[in-house]
Amino acid sequence: MRPIKRSWIIKGVKRTAWQFRYKDASGKRRRVQKPTLKEAEAEMRRLLAEPGAGAIRSKLTLADAGDQWLRSAEVGRNGRPPCEAATLEQYESHLRVHIKPLWGHLKLASLDAFKMQDMRAELLASGISRSMAIKIWTSLKGILNEAMIRGVILGNPAQPIKIGRHRSAEAPVQIPSPHEMRLILEAADRFTMSNHLQVREAWERWRPFLYTAALTGLRASELRGLPWSAVGSDEIRVVQRADRYSKIGPPKSASGYRAIAITAELQDILREWRQKCPVSELDLVFPTISGTVENLPNITNRCWRKAQEAALKTTKYGFHAIRHFRASMVIAAGWTPKEVQVEMGHSSIQVTFDIYGHLFGSGDKRRERARMAQEWLKTA
């Protein structure tokens with residue numbers, strides 16, 4: 001919302017001023033008029049800092065604003081490209097399952113910092129996990145930001161209120177040990193030498209896939225969308241990804257674009273795999289046999305779980321644990337938090353600390369992890 005320039009004539013003299021209208025927390029209509037745009041914008045900023053800086057159109061509810069936010073996300077909001085189908089599905093779920101039932105009836109004019117604190121407490125007490133609460137609160141902030149851009153509200157009262165991650169209250173991420181990961185990769189090696197033709201042919205593809213995941217820490221979506229043109233002689237560049245629906249697109253954020261150095265061992269594995277790789281119109285490194293984008297359930301069920309069962313007699317780790325393993329190795333090897341953030345493609349260093357902060361400690365455990373990392377790096 002920006003102030004509007006108004007002109008009028010009094011006794012033959014033309015006068016101008018800048019005006020904007022809003023409703024205060026009590027619902028009373030108010031008009032602000034200043035002689036210059038600069039003064040009008042300063043007054044608007046002052047009003048935003050007040051508790052209960054209400055809405056300009058008080059009839060709109062949070063449910064109405066949520067529907068507008070979804071439509072904006074479909075076409076691209078505030079200069080951003082349209083959201084991916086998987087992201088839209090997640091947003092719609094947050095709105096339909098959580099936000100509308102809890103607060104959809106609330107008028108935007110009634111929302112202030114005090115109300116947002118109550119809403120935060122209500123969300124945390126609803127029985128969902130803290131990770132899900134963070135995602136829902138982020139969507140709520142997006143809804144109110146969109147309403148602010150449209151000029152429906154003067155400010156976003158949810159912006160300064162956060163739901164932090166409490167690793168003390170949640171189990172730390174599960175990370176395979178170097179010994180476990182070595183056993184898993186050795187199981188993949190054995191599968192490629194199997195006497196069973198179908199097993200051997202299948203693992204000629206899964207073996208380089210697992211090695212690449214373990215030695216680069218790429219996300220599953222980045223591995224599925226990895227093109228040969230991004231594989232260099234000594235590095236892999238992340239330039240695209242495959243979403244849940246196997247559609248190729250850019251990384252989710254600017255930090256997703258990065259280059260990762262690869263070992264001589266991985267270079268040899270990929271060079272050998274390229275001679276056998278199925279032809280793909282998308283130039284994919286790890287396509288299906290028919291050359292299309294591989295899906296995550298196949299990777300989990302046919303590759304990762306089978307390798308774990310053969311090596312560890314259990315399937316306790318999800319596929320994302322391979323990425324956690326790579327991060328733990330570079331942290332143990334002495335990388336700085338900023339270097340880890342860049343390597344993993346995190347959007348901010350806070351994300352790095354939220355997930356791996358407990359690994360940046362000191363003392364005997366840190367020294368033991370460093371020793372294991374050095375042994376792993378020597379054999380990898």
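Reader: Where in the chain does Lys313 lie?
Author: Happy to start there, and keep in mind that this is a predicted model. Helix H10 covers residues 296-312 and helix H11 covers 320-332. Lys313 sits in the loop between H10 and H11.

Reader: Is Lys313 buried or exposed?
Author: Lys313 has a positive phi of about 60 degrees although it is not a glycine. To count as exposed, a residue needs over 50% relative accessible area. Lys313 reaches 69% relative accessibility, so this lysine is exposed.

Reader: What is the phi of Lys11, about?
Author: Lys11 belongs to the loop between strand S1 (4-10) and strand S2 (13-23). With 84% relative accessibility, Lys11 counts as exposed. Although Lys11 is not a glycine, its phi is positive, at about 55 degrees.

Reader: Which helix gives the most to the largest nonpolar core?
Author: In soluble globular proteins, nonpolar side chains tend to be buried together. Here the largest nonpolar core has 43 residues, and those with the most contacts inside it include Phe209, Trp304 and Ile322. Several elements each supply at least two residues of this core, among them helix H6 (178-191), strand S4 (235-238) and helix H9 (264-274). The one that gives the most, with eight residues, is H7.

Reader: How far apart along the chain are Glu294 and Arg205?
Author: Glu294 and Arg205 form a salt bridge, with 2.6 Å between the closest N and O atoms. Glu294 is in the loop between H9 and H10, while Arg205 is in helix H7, so the pair links distant parts of the chain, 89 residues apart.

Reader: Is Glu222, the partner of Arg258 in a salt bridge, buried or exposed?
Author: The closest N and O atoms of Arg258 and Glu222 are 2.9 Å apart. Arg258 is in strand S7 (residues 258-261), and Glu222 is in helix H8. A residue counts as buried under 20% relative accessible area. Glu222 has 4% relative accessibility, so this glutamate is buried.

Reader: Which residue is linked with Glu272 and Lys276 in a network of salt bridges?
Author: Lys276 forms a salt bridge with Glu272, and their closest N and O atoms are 3.8 Å apart. Lys276 is partly exposed, at 43% relative accessible area, and Glu272 is partly exposed too, at 45%. The network that links these two also takes in Glu204.

Reader: Which strand holds Arg31?
Author: Arg31 is part of a patch of positive charge on the surface, together with Arg6, Arg21, Arg29, Lys59 and Lys107. Residues 29-34 make up the strand where Arg31 is found, and that strand is S3.

Note on methods: Residues are numbered from 1 along each chain as its sequence is written. This is a predicted model: local features need pLDDT of at least 70, side-chain atom pairs count only at pLDDT 80 or more; totals for chains, interfaces and linings use all residues. Side-chain values use heavy atoms; hydrogens and water are left out. Patches are made of residues with over 30% relative accessible area and no salt bridge: like charges are joined within 9 Å, nonpolar side chains (Val, Leu, Ile, Met, Phe, Trp, Tyr) within 5 Å. Accessible areas come from the Shrake-Rupley method with a 1.4 Å probe; for residues, only the protein chains shown count as cover. A salt bridge is a side-chain nitrogen of Lys or Arg within 4 Å of a carboxyl oxygen of Asp or Glu. Lys and Arg count as positive and Asp and Glu as negative; His and the chain ends are not counted. The place of a charge is taken as NZ of Lys, CZ of Arg, CG of Asp or CD of Glu. Helices (H or I, at least four residues) and strands (E, at least two) are DSSP runs, numbered from the N terminus. Buried means under 20% relative accessible area, exposed over 50%, partly exposed in between (1.4 Å probe, protein chains only). A nonpolar core is a set of buried Ala, Val, Leu, Ile, Met, Phe, Trp, Tyr and Cys residues joined through side-chain atoms within 4.5 Å.
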